[in-house]
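Good morning, colleagues. Please have the sequence and the model open in front of you while I go through the packing of this chain.

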Amino acid sequence: MNRATARISTIVTAVLLAALTAVVFDTVRAGDNQSNTGRLLAGYAVARTLFAAAIWAVRKAPARAATALVLAGSAAVALAALAAPPRTSTDMYRYAWDGRLQAAGLSPYAHPPAARGQPRRAFFG
């Protein structure tokens with residue numbers, strides 16, 4: 001492979017990774033799964049296409065440049081994914097509540113978080 005081809009492949013890969021990072025950032029900031037389903041699906045489809053194109057392009061880059069691009073690209077995409085809060089459920093708060101009740105010797109079934117007459121917060125310091 002000549003130098004010009006290697007340089008072009010490196011530049012194309014860097015541009016694809018920058019575009020992928022921008023799409024991931026925009027997609028995670030788009031909202032939750034219920035309110036923006038179409039935009040999320042389109043964003044994920046574009047991200048997958050850019051990822052596949054970046055994989056194809058990085059294979060033609062020199063090994064040293066490919067290593068740097070893979071490491072920088074993975075860090076950039078991971079940071080972009082942190083641009084919004086997680087879209088997971090709120091189960092973790094319920095588990096923490098149940099654990100606190102059990103540690104205080106109370107039944108979590110007798111005192112759900114939304115129940116009237118919850119145990120005083122002083123219990124859980």
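Of the 125 residues in the protein chain, 24% count as buried. I should state at once that this is a predicted model. The accessible surface of the chain comes to about 8900 Å², and carbon and sulfur atoms account for 63% of that surface.

As to secondary structure, the chain contains 4 helices and 0 strands. Its pattern along the sequence is therefore written simply as α-α-α-α. Among contacts with a separation of 6 or more, 61% are between residues 24 or more positions apart.

Let me turn to helix α2, which covers residues 37–58. This helix has 22 residues, and from its first C-alpha to its last it reaches 31 Å, close to the 32 Å expected at 1.5 Å a residue.

Which residues of α2 are buried? They are L40, G43, A47, L50, A54, A57 and V58. Viewed down the axis of α2, these buried residues fall within an arc of 115°, so they line one face of the helix. The general background is that an α-helix has 3.6 residues a turn, so residues three or four places apart point the same way. On the other side of α2, the exposed residues are G38, L41, R48, T49 and W56.

What covers the buried residues of α2? The cover includes α1, residues 3–28, and α3, residues 63–81. A54 gives one example: leaving aside neighbours within four places in sequence, A54 is in contact with T13, L16 and L17.

Next, the nonpolar core. The largest one has 12 residues in all: L16, L17, L20, V23, V24, V28, A47, L50, A54, A57, L69 and A80. The elements that give two or more residues to this core are α1, α2 and α3. The most comes from α1, with 6 residues. A54 thus appears both in this core and on the buried list of α2, and its partners L16 and L17 are core members as well.

Finally, I would draw your attention to a serine, S9, in helix α1. Is S9 buried or exposed? Its relative accessible area is 9%, and because the cut-off for buried is under 20%, S9 counts as buried. Not counting residues up to four places away in sequence, S9 touches A57, K60 and A61. Of these partners, A57 is one of the buried residues of α2 and also belongs to the largest nonpolar core.

How values were computed. Residues numbered from 1 in each chain as written. Predicted model: local features only at pLDDT ≥ 70, side-chain atom pairs only at ≥ 80, totals over all residues. Heavy atoms only, no water. Expected span 1.5 Å × (residues − 1). Buried < 20%, exposed > 50% of the residue type's maximum accessible area, 1.4 Å probe, protein only. Arc of directions from axis to C-beta. Contact = heavy atoms within 4.5 Å. Core = buried A, V, L, I, M, F, W, Y, C linked by side-chain atoms within 4.5 Å. Areas by Shrake-Rupley, 256 points an atom, 1.4 Å probe, with all protein chains shown as cover.
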